[in-house]
Amino acid sequence: MKKSILFIMPYLPGGGAEKVLIEVLRNFDYSRYDVSLFLEFRDGVYVDSIPENVSVHSMWGRLAMRHERLFRLLRMFRLYGLFHLLFCRRAISSVVRGKSFDAIVSFMEGNALKYHSYVAGNAKKNVSWVHIDLKKKHWSLDFFKDAEEEKKAYHLMDEIVFVSDDARKSFLEMYADVDRDKCKVIRNLIDGKEIMRQMQSACVTLHKRGFTICMAGRLNRQKRYDRAILAAQMLKNDGYDFELWILGTGELLDGLVRAVHECRLDENVIFMGFRRPPYPYMKAADVYLNTSEAEGYPLVVCEALALGIPVVATSVTGTKEILGDSEYGLLVKEDVEDIYNGLKRMADDAGLREEYHLRSLRRAEMFDVEVTMNQIYEVLG
């Protein structure tokens, strides 16, 4: 008899956690599992990528501007918790009413966990994923009254999965009374063969100018694209001929475009929007750049390694585990000058770029889809 699994996510924008979920669902063994997915909003660039084997339920349709304004007002007046309890609890409860799942999985911290806490009693096993260093960036508290309420939700879980050792360590420093034995590490699923297949099958014509830097991901505060823009300004001031390609969409797009214009970088910084797949653009670049202030286990850095791209990345949780002590990519401090110096080293030294190209490919050998999926099956029970 098949086991029944319910995944919970808010919606599916172009972020790393959402992309990992799609990869997990794409590799699921549907001969052994019946899989359902609850979305708060049936929206986001990855909605069309949900495998047809997955039964999808949603509370709302698209995430419209009116929803964002409503939720902002509710949080401003501290009414979001009451709204969630009265309306959102009812919505997910209607999905699970009369059903018992072998496992319910909130595949993200924050709102997904909040929904999960309402229906934990409908599962034989409850599992929640944490994709970020919550001690450094505790964004998930936006969805809870306080840290105590969030901790109670985690206490309902039978297993808590972290995408890196450092993310697990930080969580246990915050919530020391959570059972350490139920806190597991499963690194993000990276399908190197599929990445190469998509890269090679895409029909993309690219025109490069000079030294090319690529970034990809949601345009949000955590990724700190502002640092990249300031480092780009320093490169231009020093006479470098370069382009910075930014792949992705998000709430900070308009502000970042203004910042580029104010820095007179319109000819150097190119906003390419969301690209599927992003791999031809990444592969064409000379360097992949990550300037995040917080991560869990950054998917896009792993994808860059699979493509053999030299990486420059801020030394935060996840990137340190992936790149070692600058063994597989160049780790830099979080200040703009150090980011600039890292890019400058790569621009000036083709031999260094070639060395990191070879090291990237060696590091990518650690990614194994079958191993990761078996770890996930083991956690689901």
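1. A good place to start is the largest cavity, which has a volume of about 50 Å³. Please keep in mind that this is a predicted model. In total, the structure holds two cavities of 30 Å³ or more, and the points below take each in turn.

2. To find the largest cavity in the viewer, look for its lining: Met215, Ala216 and Gly217, then Lys223 and Tyr225, and further along the chain Tyr288, Leu289, Asn290, Thr291, Ser292, Glu295 and Val300.

3. Which strands each supply at least two residues of this lining? They are strand E8 (211–216) and strand E11 (287–290). Of the elements involved, E11 gives the most to the lining of the largest cavity, with three residues.

4. The chemical make-up of this lining is mixed: six residues are nonpolar, four are polar and two are charged. Lys223 and Glu295 are both among the lining residues, so you may like to display their side chains when you look at this spot.

5. Now for the second largest cavity, with a volume of about 40 Å³. Its lining consists of Val20, Val24, Phe107, Trp129, Ile186, Arg187, Asn188, Leu189, Thr372 and Ile376. Here the elements that give two or more residues are helices: H1 (16–26) and H15 (369–380).

6. How do the residues of this second lining divide by class? Seven are nonpolar, two are polar and one is charged. Arg187 is one of the residues to look for here.

Terms used. Residues numbered from 1 in each chain as written. Predicted model: local features only at pLDDT ≥ 70, side-chain atom pairs only at ≥ 80, totals over all residues. Heavy atoms only, no water. 1 Å grid on protein atoms, 1.4 Å probe; cavity = no way out; pocket = protein on both sides within 12 Å on 5 of 7 lines; lining within 4 Å. Points joined across faces, edges and corners; volume = space filled by probe spheres on them. Helix = DSSP H or I, 4+ residues; strand = E, 2+ residues; numbered from the N terminus.
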